[in-house]
Amino acid sequence: MGFKHRVLYKLSSLMFVFVLVLAGCSSDEKVEGDKDGKTTITFWHSTTSETAKGTANVIKAFEKQNPDIKVKSVYIANQGEGSNEKLLTSIAGGNPPDAAYFDRFEVASWAAKGSLEDLSELAAADGIKKENYYPYTWDEASYEGKLYGIPTTTDARLVFYNKDHFKEVGLDPENPPKTIKELEDAAAKLTIKDGKRFKRIGFIPWYAQGWFYGWGWTYGGDFYDKETKTVTANDPKNVEALEWITDFAKKYDVEDISGVTDSQGSGAMDPFLTGQISMKVSGNFNVASIDMYKPDLNYGVFPIPTPTGTDHTTWSGGWSVVIPKGAKKKEAAWKFLKFFGEEEGQKLFSESSRDFSAIESVNIDLGYADDPIFKEFIDILPNSKSRPVMTEGSLYWNELQTAVENSTRGKGTPKENLDKVNKTVTDALAK
Amino acid sequence: MAQVTTRKKTPIPPTIRKPFRKSSLNGWLFASPWIIGLLLFYAYPLLSSMYYSLTTYSILDAGEFVGFKNYGELFHDDLFWKSISNTIYFAVFFVPLSILFGVSLAMMLNMKVKGLAIYRTIFFLPTLVPQVALAVLWMWLLNPGFGLVNGMLDSIGIQGPNWLGSMSWSKPSLILMSLWTIGQPVIIYLAGLGDISEEYYEAAEVDGASWFQKTRHITLPLLTPVIFYNLVMGLIGAFQQFTLPYTMTQGQGTPANSLTFYVMHMYDNAFKYFKMGYGSAMAWILFVIIMILTAIIFSTSKRWVHYQGE
């Protein structure tokens with residue numbers, strides 16, 4: 001090889017290496033499909049099976065109405081509360097999708113970091129307003145008076161109970177417990193324990209959807225003062241609620257109970273379906289799997305009992321659609337959000353997913369109020385609460401869960417543990 | 001051998017050696033993908049995480065420079081201490097046990113029996129199972145209600161514990177699961193065993209040494225370089241325990257934080273609570289801890305690691 005050749009050879013191999021490295025780092029930034037006048041927007045969602053059908057239906061109808069826009073729907077496993085890493089890094093990297101299906105629970109903390117587009121003006125211009133939605137869904141999608149997401153779905157939590165078990169032990173299946181005391185008695189009657197093993201357990205307060213938020217509110221406590229922006233985890237009523245849960249854990253032996261909760265299967269193996277648990281707190285989203293795996297199950301739902309037997313409440317979460325900060329095709333994305341969030345889109349979505357819409361009239365139109373099970377949920381939705389809208393929502397949630405864990409396991413008293421939650425979250429908010 | 005004799009190049013005197021001779025350019029060129037990769041994907045993130053650990057960086061915004069505040073705060077974080085103690089508990093039990101089991105398994109798999117290749121494959125297979133699948137599998141096996149393990153204990157009249165649901169059993173259970181995947185070190189031990197010259201055993205045989213004496217005075221001492229390697233690697237791995245407990249407890253470290261390991265706490269802070277600065281500080285503390293422990297092991301190694309031919 002001559003000198004010239006050698007230099008050329010070296011240069012070209014160096015180039016090759018650089019190309020390799022660059023190819024490895026490059027982001028997918030080519031402008032998609034803008035030929036033939038179509039705009040393609042990317043939509044990230046985490047919906048599966050029935051819910052995915054809902055998403056697909058919405059997209060199909062939207063594309064029909066907007067022939068110039070194409071929606072590229074991308075499934076992202078685990079996009080939701082506490083597992084939004086992929087969306088997080090895409091926004092940080094300046095290459096986010098144009099729209100995303102987003103857990104409302106995290107809107108506040110993301111908005112506070114400036115990671116979501118402010119939709120207030122767009123919504124106002126297109127006549128999308130709070131009055132159309134369940135108020136808490138709108139509040140949850142807003143932060144400091146500005147709207148960052150359009151609420152799409154909501155849910156609620158009630159106690160599911162097995163009517164056959166009730167009959168078997170002489171409880172009236174048409175008159176389920178209203179007070180905490182009645183709930184305790186029913187649970188005791190329904191439980192069959194053999195040594196350390198439960199053949200059947202009546203009730204486990206923290207099982208399934210029995211999160212502490214529900215119990216605190218049921219006892220009349222509260223978690224956050226919106227006006228003064230103070231955390232009130234150690235509200236005396238919340239302490240009372242946790243004390244009750246702790247007593248329950250002691251009575252039935254928490255380690256034996258965890259034998260049941262750890263055995264929890266899903267789908268057809270759900271212990272409620274297999275008759276291993278008689279009552280559990282769960283959400284409307286559970287109905288679909290009961291219909292699928294055990295349609296002949298004789299069950300009912302009732303509001304979470306309260307100490308007094310009145311003022312029943314529950315809490316709701318749900319989803320929204322958002323535009324991540326840095327999205328490239330905001331205009332088209334907004335059109336999609338608007339379609340998804342208004343009645344037509346919500347109806348299409350709710351119809352196949354069986355998730356409640358964030359718009360009450362849609363739920364009525366779809367006949368949810370006529371279904372004996374769903375009716376109970378629709379009835380309680382207007383009284384429902386959402387978790388505190390704050391920047392440290394995830395931390396608060398996890399801390400409360402730890403407090404329940406520690407109390408039921410006898411590590412610290414309920415009061416001490418809730419005091420600690422209060423301090424941790426308050427400190428985090430102060431930063 | 002032929003090539004050696006035909007090489008006629010005169011050796012270059014040491015004085016002419018420059019760092020960038022023509023032929024070394026070729027070397028650099030060939031190494032450049034790795035060098036660029038190392039700089040870009042290791043050195044850069046490493047150094048920037050050191051800087052971020054001094055800020056309130058949240059991934060989504062750059063944050064402010066706060067000096068050593070993150071480090072200071074860590075010392076008042078209860079869960080930080082809990083996660084350290086959990087991690088040390090795991091490392092202290094897991095690493096020695098993995099050496100004990102690894103070496104014994106390797107010695108068994110080194111015996112000259114029929115179907116050896118099959119046995120070796122069987123013990124290596126679990127290593128190929130992805131950690132997440134492994135977690136799910138063991139959750140089933142150790143299930144107190146319908147799990148196979150308790151079922152088997154039941155049949156011989158022992159009531160098994162609630163493996164993963166009890167605070168006192170959760171960590172031992174995790175150690176048990178982790179021991180299931182020691183195929184990788186076993187392969188290395190096997191190579192180490194194969195490296196021990198037969199002559200030693202023959203000599204010992206002539207002297208009438210028993211199996212135990214041969215193991216104690218030949219096999220183990222000559223295996224120490226490999227044990228040393230696996231000890232260091234095992235320790236580093238143990239301190240970074242993440243996937244198994246994270247998957248098993250859905251990131252919660254249940255029951256009552258008894259399975260919250262150091263890296264899990266770090267991950268939660270960095271990606272869930274938007275405290276990347278705090279997380280980076282934790283990462284550097286972990287780095288220092290591992291460095292110190294590795295240094296200690298290295299400094300003692302002269303006393304117990306024996307190389308063949310020395």
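Okay, let's start with chain B: 43% of its 310 residues count as buried, where buried means under 20% relative accessible area, exposed means over 50%, and partly exposed is in between, with a 1.4 Å probe and protein chains only. Before I go on, keep in mind that this is a predicted model, where local features need pLDDT of at least 70, side-chain atom pairs count only at pLDDT 80 or more, and totals for chains, interfaces and linings use all residues. Residues are numbered from 1 along each chain as its sequence is written, chains are lettered from A and ligands numbered from 1 in the order in which they are written, and side-chain values use heavy atoms, with hydrogens and water left out.

So what is chain B built from? It has 14 helices and 0 strands; here helices (H or I, at least four residues) and strands (E, at least two) are DSSP runs, numbered from the N terminus. Its radius of gyration is 25 Å, well over the 19 Å that the globule rule gives for 310 residues, so chain B is more spread out than a compact globule. That radius is taken over C-alpha atoms, and the rule is 2.2 Å times the number of residues to the power 0.38. Along its principal axes, the C-alpha trace of chain B spans about 70 × 60 × 35 Å.

Now contacts, meaning heavy atoms within 4.5 Å. In chain B, take the contacts with a separation of 6 or more: 67% of them come from residues 24 or more positions apart. On the outside, chain B exposes about 18,000 Å², and carbon and sulfur atoms supply 70% of that. Those accessible areas come from the Shrake-Rupley method with a 1.4 Å probe, and for residues only the protein chains shown count as cover.

Over to the partner. Chain A has 18 helices and 18 strands, and buried residues make up 53% of its 431 residues. Chain A exposes about 18,900 Å², with carbon and sulfur atoms supplying 53%.

How many residues does each chain bring to the contact between them? Chain B brings 39 and chain A brings 36. The area buried between the two chains is about 3,500 Å², and 58% of it is from carbon and sulfur atoms. Buried area here is the accessible area (1.4 Å probe) that two parts lose on being put together, summed over both. B:Leu60, B:Tyr273 and B:Phe274 supply 17% of the area that chain B buries against chain A, more than any other three residues.

Hold on to B:Phe274, and let's look at the helix that comes just before it. In helix 13 of chain B, residues 262–272, 9 of the 11 residues are buried, so this helix is largely enclosed by the rest of the structure. Among the buried ones are B:Tyr262, B:His265, B:Asp268 and B:Lys272. What covers them? The cover includes helix 17 (393–408) of chain A, along with helix 4 (78–108), helix 11 (211–239), helix 12 (243–248) and helix 14 (276–304) of chain B. Just after helix 13, B:Phe274 takes a positive phi of about 55°. For background, most residues other than glycine have a negative phi.

B:Phe274 also turns up beside B:Ser58, which sits in the loop between helix 2 (22–52) and helix 3 (69–74) of chain B. B:Ser58 counts as buried because its relative accessibility is 0%. Leaving out residues up to four places away in sequence, B:Ser58 touches A:Lys113, B:Phe274 and B:Met276. B:Ser58 and B:Phe271 are 213 residues apart in sequence, yet 8.4 Å apart in space, C-alpha to C-alpha.

Two more positive phi values, then. B:Asn257 has one of about 60°, although it is not a glycine, and it lies in the loop between helix 12 and helix 13. A:Glu144 has a phi near 50°, in the loop between strand 4 (142–143) and strand 5 (146–147) of chain A. Which of these is buried and which is exposed? B:Asn257 is buried, at 11% relative accessibility, while A:Glu144 is exposed, at 59%.

Last stop, two helices of chain A. A:Asn363 is in helix 15 (residues 360–365) and is buried, at 0% relative accessibility. Its contacts include A:Tyr134, A:Ser350 and A:Leu381. A:Asp379 is in helix 16 (residues 372–380), and this one is partly exposed, with a relative accessible area of 44%.
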